[in-house]
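Here's a quick tour of a protein model for you to follow along with. Keep the 3D view open and click on each residue as it comes up.

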Amino acid sequence: MQRMLIGMSQEKLGEALGLTFQQVQKYEKGTNRIGASRLYEIGAVLGVPIEYFFEGLENGSLQGSEGGERAGIDLSLLSTAEGIQLNSAFFSISDPKLRRRLLELIRALGGQGDEPETAEISPNQ
C-alpha cells in the first residue's frame, strides 16, 4: 500500500532493491516470505521505518479486524490501487460539506442511503 501511496511502480521498487518486478509482486501477494533484512531495505526505499509494516499488530493478530467484519466493511479493498486513489481524491476535497454530500451520493448509489452516519469525516482519518 505504501508503494502505491507514493506512486512507485513494482518495477521501480524492484530496481531499487536489485530485484525483478515479479519478485516484488510475489512479496506483495504473500507468495514469498520477506526476511527481516529485506523488509528493512523495503522500508528504507519507501521512506518508512520497519515498524510501519507491523502497525495494528499485537501478539501476532490484527487489532480491530473483527470490527471491520462486524460493520460489513471489506478492508482489503482499501489497499487496492482503486481504493487508494478514491481515498486520496476524497480527502483532497477541502470543503467538509462537499465531502458529506459526496458521501451521501455514494451511499445512495450503493443502496445504503438510509443507513445512519457512523463517524465524522475528517481529512486526517
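How many salt bridges does a search of the whole structure find? The search turns up four salt bridges, and three of them are described below. Keep in mind as you go that this is a predicted model. Overall, the protein has seven helices and two strands.

**The big picture**

- Starting from the N terminus, the elements come in the order α-α-α-α-β-β-α-α-α.
- The protein has 125 residues, and 19% of them are buried.
- About 9400 Å² of the protein is exposed, with carbon and sulfur atoms supplying 53% of that area.
- Take the contacts between residues at least 6 apart in sequence: 37% of these join residues at least 24 apart.

**A salt bridge between distant parts of the chain**

- Arg3 and Glu28 bring their side chains together in a salt bridge, at 2.5 Å from N to O.
- This pair links distant parts of the chain, with Arg3 in helix α1 (residues 2–5) and Glu28 in helix α3 (residues 21–29), 25 residues apart.
- Are the two partners buried or exposed? Arg3 has a relative accessible area of 10%, so it is buried, while Glu28 comes in at 41% and is partly exposed.

**Salt bridges inside a single helix**

- Lys12 pairs up with Glu15 in a salt bridge, and their closest N and O atoms are 4.0 Å apart.
- Both Lys12 and Glu15 belong to helix α2 (residues 10–17), where they sit three residues apart, or about one turn of the helix.
- Glu15 counts as partly exposed because its relative accessibility is 49%.
- Arg38 and Glu41 make a salt bridge too, with 2.9 Å between the closest N and O atoms.
- Why are Arg38 and Glu41 separated by about one helical turn? It's because they are three residues apart in helix α4 (residues 36–46).
- Arg38 is partly exposed at 21% relative accessibility, and Glu41 is also partly exposed, with a relative accessible area of 34%.

**Gln10, a contact of Arg3 and Glu28**

- Look for Gln10 in helix α2.
- With 17% relative accessibility, Gln10 counts as buried, because the cut-off for buried is under 20%.
- The side chain of Gln10 makes a polar contact with the side chain of Glu28, at 2.8 Å.
- Skipping neighbours within four places in sequence, Gln10 is in contact with Arg3, Phe21, Val24, Gln25 and Glu28. Both partners of the Arg3–Glu28 salt bridge are on that list.

**Leu13, a buried residue in helix α2**

- Leu13 lies in helix α2 and has a relative accessibility of 5%, so it counts as buried.
- Which residues does Leu13 touch, not counting those up to four places away in sequence? They are Arg3, Met8, Val24, Val45 and Leu46.
- Pick out Val45 from that group: Leu13 and Val45 are 32 residues apart in sequence, yet their C-alpha atoms are 7.3 Å apart in space.
- Arg3 and Val24 turn up as contacts of Leu13, and also as contacts of Gln10.

**Arg99, a charge without a salt bridge**

- Arg99 is found in helix α7 (residues 96–109).
- Arg99 is buried, yet it has no salt bridge.
- Why is there no salt bridge for Arg99? The nearest side chain of opposite charge is Asp95, at 7.0 Å, and a salt bridge needs the nitrogen and oxygen to be within 4 Å, so Asp95 is too far away.
- Arg99 does have a backbone partner: its side chain reaches the backbone oxygen of Ile93 at 2.5 Å.

**The aromatic pair**

- Searching the whole structure gives one aromatic pair.
- The pair is Tyr52 and Phe53, with ring centres 5.4 Å apart and planes at 85 degrees, so it is edge-to-face.
- If you're wondering how to read those values, a pair of aromatic rings is described by the distance of the centres and the angle of the planes.
- Both rings belong to partly exposed residues: Tyr52 has 23% relative accessibility, and Phe53 has 27%.

Notes. Residues numbered from 1 in each chain as written. Predicted model: local features only at pLDDT ≥ 70, side-chain atom pairs only at ≥ 80, totals over all residues. Heavy atoms only, no water. Helix = DSSP H or I, 4+ residues; strand = E, 2+ residues; numbered from the N terminus. Buried < 20%, exposed > 50% of the residue type's maximum accessible area, 1.4 Å probe, protein only. Lys, Arg positive; Asp, Glu negative; His and termini not counted. Polar contact = N/O pair within 3.5 Å; in protein donor to acceptor, adjacent residues only side chain to side chain. Contact = heavy atoms within 4.5 Å. Areas by Shrake-Rupley, 256 points an atom, 1.4 Å probe, with all protein chains shown as cover. Phe/Tyr/Trp six-rings, centres within 6.5 Å; stacked < 30°, edge-to-face > 60°.
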